[in-house]
Amino acid sequence: MALAERRASVVWNGGLADGNGNVDFESSGAAHLPVTWASRTESPDGKTSPEEMIAAAHAACYAMAFSNTLAQAGYTPQQLNVTAVCTLDQVEGGLKVTESALTVSGTVEGDIDQSEFQDLAVKGELGCPVSNALRNNVNVTVNATLES
């Protein structure tokens, strides 16, 4: 049996280029977000895109995974600031999400240096369920900066 299931839905109206939709986070009720083709490939104009939602999921998941990795290594993370940039590219055969670049900066209690912080940041990415879902299909990178 699954540990958890979460549900989201979309109602789309119209064609691809002139249509629009709304994404509902049904499990939590946390969001009702407008989405359009233009918000995906041009300017967001206050609307979201599948790539932005992947980036949000990846950033949140990675922050939790890295926090856990630091704790397992004996460190106490005080704050981790994570950004994920999800890239949509034109490739042979159509469009593809090609990259999710994670950038993390953080403050950590304990005697940790930049090199170990970067090493643990990469290790944390390996334990991130969203990274694991993307792995072998999307290039995932991690850039970490320890703040003093």
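The legends below describe close-up views of a predicted model.

**View 1. The three-stranded open sheet.** Three strands make up an open sheet in the order β1-β2-β3, and their pairing is antiparallel. The edges are formed by β1 (8-13) and β3 (32-35), each of which pairs on one side only. Averaged over the sheet and with direction ignored, neighbouring strands are turned by 20° against each other.

**View 2. Pairing of β1 with β2 and the hairpin between them.** Strand β2, which covers residues 20-25, pairs with β1 in the antiparallel sense over six bridges. One of the residues to follow here is Trp12, whose bridge partner in β2 is Gly21. The hairpin of β1 and β2 has six residues between the strands, and in this hairpin Gly14 takes a positive phi near 90°.

**View 3. Pairing of β2 with β3 and the hairpin between them.** The strands β2 and β3 run antiparallel and are joined by four bridges. Gly21, the bridge partner of Trp12, also has a bridge partner in β3, namely Val35. In the hairpin of β2 and β3, six residues lie between the strands, and Gly29 takes a positive phi near 70°.

**View 4. Surroundings of Thr69 in helix α2.** Thr69 has its place in helix α2, which spans residues 50-72. Because its relative accessibility is 8%, and buried means under 20%, Thr69 counts as buried. When its neighbours within four places in sequence are left aside, Thr69 is in contact with Leu120, Lys123 and Gly124.

**View 5. The largest pocket and its lining.** The volume of the largest pocket is about 180 Å³. Its lining consists of Phe25, Pro50, Met53, Ile54, Ala56, Ala57, Val130, Ala133 and Leu134. Two elements, α2 and α4 (129-134), give two or more residues each to this lining, and the largest share, five residues, comes from α2. Sorted by class, the lining of the largest pocket has nine nonpolar residues, with no polar and no charged residues. Helix α2 thus appears in two of these views, as the element that holds Thr69 and as the source of the largest share of the pocket lining.

Conventions:
Residues are numbered from 1 along each chain as its sequence is written. This is a predicted model: local features need pLDDT of at least 70, side-chain atom pairs count only at pLDDT 80 or more; totals for chains, interfaces and linings use all residues. Side-chain values use heavy atoms; hydrogens and water are left out. Two strands pair if DSSP finds at least two bridges between them. Axes are lines fitted to C-alpha atoms, for helices over the stretch in contact, and angles run from 0 to 180 degrees between N-to-C directions. Buried means under 20% relative accessible area, exposed over 50%, partly exposed in between (1.4 Å probe, protein chains only). Contact means heavy atoms within 4.5 Å. On a 1 Å grid over the protein atoms alone, a cavity is a set of points where a 1.4 Å probe fits but cannot get out, and a pocket is an open set with protein on both sides within 12 Å along at least five of seven lines; lining residues have an atom within 4 Å of a point. Grid points are joined across faces, edges and corners, and a volume is the space filled by probe spheres set on the points. Ala, Val, Leu, Ile, Met, Phe, Trp, Tyr, Cys and Pro count as nonpolar, Asp, Glu, Lys and Arg as charged, and the others, Gly among them, as polar.
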